[in-house]
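The following note is offered to a colleague beginning the study of protein structure. Please read the numbered points with the model in view.

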Amino acid sequence: MSRSGMSARFWGGFGLGAVLLFGVAPVALSDFRLSLLARYLCLAMVAVGIGLAWGRGGLLTLGQGVFFGLGGYAMAMHLKLADAGPGNLPDFMQLYGQLDALPWWWRPFANPVFALAATVLLPMLVAFLLGSLVFRRRVRGAYFAILSQALAAAMAILLIGQQGTTGGTNGLTDFQGFFGYDLDDPVNQRMVYFIVAGALLALLALARQLYRSRYGELLVAVRDAEERVRFLGYNPANVKLVAYVVAAGMAGLAGALFVPAVGIINPSLIGIVPSIEFIIGVAIGGRATLLGPVLGTVALAWAKTGLSERFPDEWTYLQGLLFILVVAFLPGGLASAVRVLRERLARREAGSRPGPGSAPAAAPPPEPAMAAPGEGST
């Protein structure tokens with residue numbers, strides 16, 4: 001497909017998605033289902049970054065839960081401080097009774113500007129420091145995946161061990177307001193949903209610009225032929241680092257919006273299992289496409305909610321079966337289903353009709369006539 005055709009298809013899907021998110025969903029869904037959709041869209045924002053890093057750059061990032069958690073906790077800390085009021089401790093610190101004063105590293109998050117900036121810049125800073133060490137040592141492939149997964153496990157353990165300052169396994173929850181708006185008001189909950197939907201569309205537009213830019217082409221070149229790119233004078237480590245940092249910023253923003261949309265952030269949302277589920281959603285949707293990771297993640301989250309209600313014990317097996325079926329029969333993900341169907345139909349039609357210039361099939365030779373009795377040989 002030509003570049004103009006791909007652009008038209010993207011903007012067509014983008015416009016359809018905007019109509020569904022802003023026009024159809026608020027009317028057709030109840031407040032509870034709309035809040036669930038906001039949760040799915042937050043997860044889809046993480047998938048956009050994974051599509052950039054993994055789909056375009058070949059970086060199997062199994063630790064995106066770390067950056068999702070950094071953004072989520074940064075937002076949650078500000079909301080807890082705003083609910084407590086100036087000079088007061090958050091409610092969970094008073095409940096556990098382990099602290100008499102607010103920890104020093106909590107204090108900057110009382111400033112809304114600092115907290116908002118930290119939700120994106122803090123994950124990007126951590127990704128920059130980690131990526132600088134990893135990529136310049138040419139760590140890649142399975143080693144990079146294992147390292148990023150270990151980082152997610154380490155962060156979850158750290159948060160669980162700091163119960164007095166992070167809430168431990170319970171995390172941070174029970175938020176009352178969101179920058180002056182009451183989160184118990186259904187109108188404000190819908191406002192949060194619209195913010196999440198708008199942020200997702202903005203990230204999709206940003207990712208598309210990166211895909212079509214010279215940097216996007218260079219990222220694909222590094223994925224397919226890293227040594228050739230280095231021979232041409234580019235530093236593949238820097239190219240990978242940019243994709244990794246941008247994906248971390250997207251995950252941090254998703255975590256920040258997840259907090260007011262869902263009302264909780266805890267270690268179970270940022271460990272190894274959530275990070276793997278992010279990857280599964282992107283793979284199911286199609287990591288090589290732009291809209292595929294979003295569709296796959298939303299579909300997987302919706303299926304998890306619906307099927308886990310009916311099959312709570314068997315859901316994990318169904319999730320694994322879904323992943324196996326997609327990998328076996330649709331390696332390009334659900335986004336490639338239409339293309340694969342068209343190719344199969346085209347091959348079937350091509351095989352059923354003769355090719356141009358081919359000679360017609362020769363008629364079978366006539367069967368010899370049966371000799372009458374007494375005729376033939378003497």
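1. Burial over the whole chain. This is a predicted model, and 43% of the 378 residues of its chain count as buried. The accessible surface comes to about 20,300 Å², and carbon and sulfur atoms account for 65% of that area.

2. Fold and overall form. The chain contains 15 helices and four strands. Its radius of gyration is 27 Å, whereas the globule rule gives 21 Å for 378 residues; the chain is therefore more spread out than a compact globule. The C-alpha trace spans about 125 × 55 × 40 Å along the principal axes.

3. Contacts and charges. Consider the contacts in the chain between residues at least 6 apart in sequence: 77% of them join residues at least 24 apart. As for charge, the chain has 28 positive and 20 negative charges, and the mean positions of the two sets are 13 Å apart.

4. The nonpolar cores. Which residues have the most contacts inside the largest nonpolar core? They are Leu172 and Ile265, in a core of 96 residues. Helix 2 gives the most to this core, namely 17 residues. A second core, separate from that one, has eight residues, among them Ile284, Leu300, Ala303 and Val326. As general background, nonpolar side chains tend to be buried together in soluble globular proteins.

5. The surroundings of Leu172. Apart from its neighbours within four places in sequence, Leu172 is in contact with several aromatic residues, including Tyr73, Phe92 and Trp106. Its contacts also include Ala76, Met77, Thr166 and Gly167. Gly263, Ile264 and Ile265 complete the list.

6. Ala53, in helix 2. Is Ala53, a residue of helix 2 (residues 31-56), buried or exposed? Its relative accessibility is 0%, so Ala53 counts as buried, the cut-off being under 20%. With neighbours within four places in sequence left aside, Ala53 is in contact with Gly58, Leu59 and Thr61, and also with Ala243 and Ala247. Ala53 and Leu241 are 188 residues apart along the chain, yet their C-alpha atoms are separated by 9.3 Å.

7. Leu290, in a loop. Leu290 is found in the loop between helix 12 and helix 13 (292-310). Its relative accessible area is 13%, and Leu290 is therefore buried. Beyond its neighbours within four places in sequence, Leu290 is in contact with Phe10, Leu204, Ala207, Arg208 and Tyr211. How far apart in space are Leu290 and Leu52, which are 238 residues apart in sequence? The distance is 8.3 Å, C-alpha to C-alpha.

8. Val273, in helix 12. The student should set this residue beside the previous one. Val273 belongs to helix 12 (residues 272-285). It has a relative accessible area of 55% and is exposed, because the cut-off for that class is over 50%. Val273 and Leu99 are 174 residues apart in sequence, and their C-alpha atoms are 32 Å apart in space.

9. Asn188, in helix 8. Asn188 has its place in helix 8 (residues 186-212). With 11% relative accessibility, Asn188 counts as buried. Not counting residues up to four places away in sequence, Asn188 touches Tyr181 and Asp182.

Conventions: Residues are numbered from 1 along each chain as its sequence is written. This is a predicted model: local features need pLDDT of at least 70, side-chain atom pairs count only at pLDDT 80 or more; totals for chains, interfaces and linings use all residues. Side-chain values use heavy atoms; hydrogens and water are left out. Helices (H or I, at least four residues) and strands (E, at least two) are DSSP runs, numbered from the N terminus. The radius of gyration is taken over C-alpha atoms; the globule rule is 2.2 Å times the number of residues to the power 0.38. Buried means under 20% relative accessible area, exposed over 50%, partly exposed in between (1.4 Å probe, protein chains only). Contact means heavy atoms within 4.5 Å. Accessible areas come from the Shrake-Rupley method with a 1.4 Å probe; for residues, only the protein chains shown count as cover. Lys and Arg count as positive and Asp and Glu as negative; His and the chain ends are not counted. The place of a charge is taken as NZ of Lys, CZ of Arg, CG of Asp or CD of Glu. A nonpolar core is a set of buried Ala, Val, Leu, Ile, Met, Phe, Trp, Tyr and Cys residues joined through side-chain atoms within 4.5 Å.
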